[in-house]
Amino acid sequence: MVKSMLTVIGMSIFLFTITGCADRQDEIQNVGMLIDSTIEEQPWGEKGLAGLTAIGDNYDVNVFYEENVMTQQDIIRAVDEFVNDGVNLIFGHSSIYGRHFAEVAKNYPNVHFVYFNGGYFADNVTSLNFNAHAMGFFAGMTAGEMTANDQVGIVAAYEWQPEIEGFYEGVSFQNPSAEVHMEIINDWNDAQSAVDIYEDMKNDQADVIYPTGDIFSRTIIQEASKDNLYTIGYVEDQSGIGGEMVLTSTIQHVDKLYEIIADEFNNGDLNGTIKTFDFEDEIISLGEFSPHVPDDFQDNINEAVQSYKETGLLPNES
């Protein structure tokens, strides 16, 4: 099998051409992905593309993606183009696609639609959800342990993110004296607003920051490392951005999840439902700890993660 070079299709659809594809309707034929922003320099989007590419390699099929698809009209157009190209598995790489997929899917009964973090589902629509409360809790434990000023901060994209409450609980469990500063940007990628918020938190003496966004998580980590302040990475292992000032990272293995869902679909096991993934599924994990984090605390938190995998109980619940 020989893969051609990346080819631009229309405005922003890209195609990996690989010879050979499945012939049966209940097997993967071609695969598409929609994303509501750009992919470049965004951990969430980059991981989605990595997962999509892996599916193409594993199944010798064509894979397509289109960026900046946000409106219902754009979604209908892109889905129609995908289907015309033989796509029968479509990923919407955001929560915004749930309601639209639930409507569009009625017109494409032989296509399965998959999206992230939502409550919509149908016979051929599946929602993939991360149980992010626990990862926020372990990030909070780390922040509570490592703050010297008893002042920590979380810069969130949206109020609905479960990791926010988890972070509060983790900080309180590990260090009841610590105060948590929180700001919500209402955007995954607004780096300028994130920097402004970071500066305010720094002025309030926060010395550990947990940025739970996409582009702006990288931006805050870069700024904090210059100021010798600790951070906790998000979505990917971000120690490569901030070095030893990144205490650990809460990693969501989106790329691996793409492959799992593709396997289920190809085997005829993917149902229209809401699916939830957590530490025990190896879809969420903590990254390597900075050498600044004491060994005994690393041992304690690793034991707590293992216990959570086995029992489903966080340290404040057991």
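Which residue of S14 stands opposite Ile-251? In this predicted model, Ile-251 faces Ser-285 across the pairing of strands. The report begins with the strands around this pair, then turns to the nonpolar cores and the salt bridges.

## Strand S12 and its partners

Strand S12 covers residues 246-252. Of its 7 residues, 7 are buried, so the strand is largely enclosed by the rest of the structure. The cut-off behind this statement is a relative accessible area under 20%.

S12 pairs with S14 in the antiparallel sense, over 3 bridges. In this pairing, Ser-285 of S14 is the residue opposite Ile-251. S12 is also joined to S11, and here the strands run parallel, with 4 bridges between them. In that second pairing, Gly-233 stands opposite Ser-249 of S12. As a general point, the side chains of a regular strand alternate between the two faces of the sheet.

## The nonpolar cores

The largest nonpolar core contains 63 residues. Among those with the most contacts inside this core are Val-31, Leu-89, Phe-91 and Phe-138, together with Phe-167 and Phe-279. Helix H4, which spans residues 132-146, gives the most to this core, contributing 9 residues.

Phe-167 illustrates how such a residue is surrounded. Leaving aside residues up to four places away in sequence, Phe-167 touches Gly-136, Phe-137, Ala-139, Gly-140 and Ala-143, and also Val-152, Gly-153, Ile-154, Val-180 and Tyr-210. A second core, separate from the largest, has 18 residues, including Phe-101, Val-104, Ala-105 and Val-111.

## Salt bridges within and between elements

Side chains of opposite charge can pair when their charged atoms come close. The structure holds 10 salt bridges. One of the salt bridges links Glu-81 with Arg-77, and the closest N and O atoms of this pair are 3.5 Å apart. Both residues belong to helix H2 (residues 72-84), where they are 4 residues apart, about one turn of the helix. Glu-81 is partly exposed, because its relative accessibility is 30%. Arg-77 is also partly exposed, because its value is 33%.

Lys-202 and Asp-227 form a salt bridge with an N to O distance of 3.2 Å. This pair links distant parts of the chain, 25 residues apart: Lys-202 is in helix H6 (residues 191-203), and Asp-227 is in the loop between helix H7 (215-226) and strand S11 (230-235). Lys-202 has a relative accessible area of 25% and is therefore partly exposed. Asp-227, at 31%, is likewise partly exposed.

A salt bridge also connects Lys-309 and Glu-282, at 3.3 Å from N to O. Lys-309 lies in helix H10 (residues 295-311), whereas Glu-282 lies in the loop between strand S13 (274-277) and strand S14 (284-286), so the bridge ties together parts that are 27 residues apart in sequence. Lys-309 is partly exposed, with a relative accessible area of 26%, and Glu-282 is partly exposed at 39%. In addition, Glu-46, Arg-218 and Glu-236 are linked in a network of salt bridges.

## Ala-50 in helix H1

Ala-50 lies in helix H1, which runs over residues 43-59. The relative accessibility of Ala-50 is 38%, so this residue counts as partly exposed. Ala-50 and Gln-238 are 188 residues apart in sequence, and their C-alpha atoms are 17 Å apart in space.

Notes:
Residues are numbered from 1 along each chain as its sequence is written. This is a predicted model: local features need pLDDT of at least 70, side-chain atom pairs count only at pLDDT 80 or more; totals for chains, interfaces and linings use all residues. Side-chain values use heavy atoms; hydrogens and water are left out. A salt bridge is a side-chain nitrogen of Lys or Arg within 4 Å of a carboxyl oxygen of Asp or Glu. Helices (H or I, at least four residues) and strands (E, at least two) are DSSP runs, numbered from the N terminus. Buried means under 20% relative accessible area, exposed over 50%, partly exposed in between (1.4 Å probe, protein chains only). Two strands pair if DSSP finds at least two bridges between them. A nonpolar core is a set of buried Ala, Val, Leu, Ile, Met, Phe, Trp, Tyr and Cys residues joined through side-chain atoms within 4.5 Å. Contact means heavy atoms within 4.5 Å.
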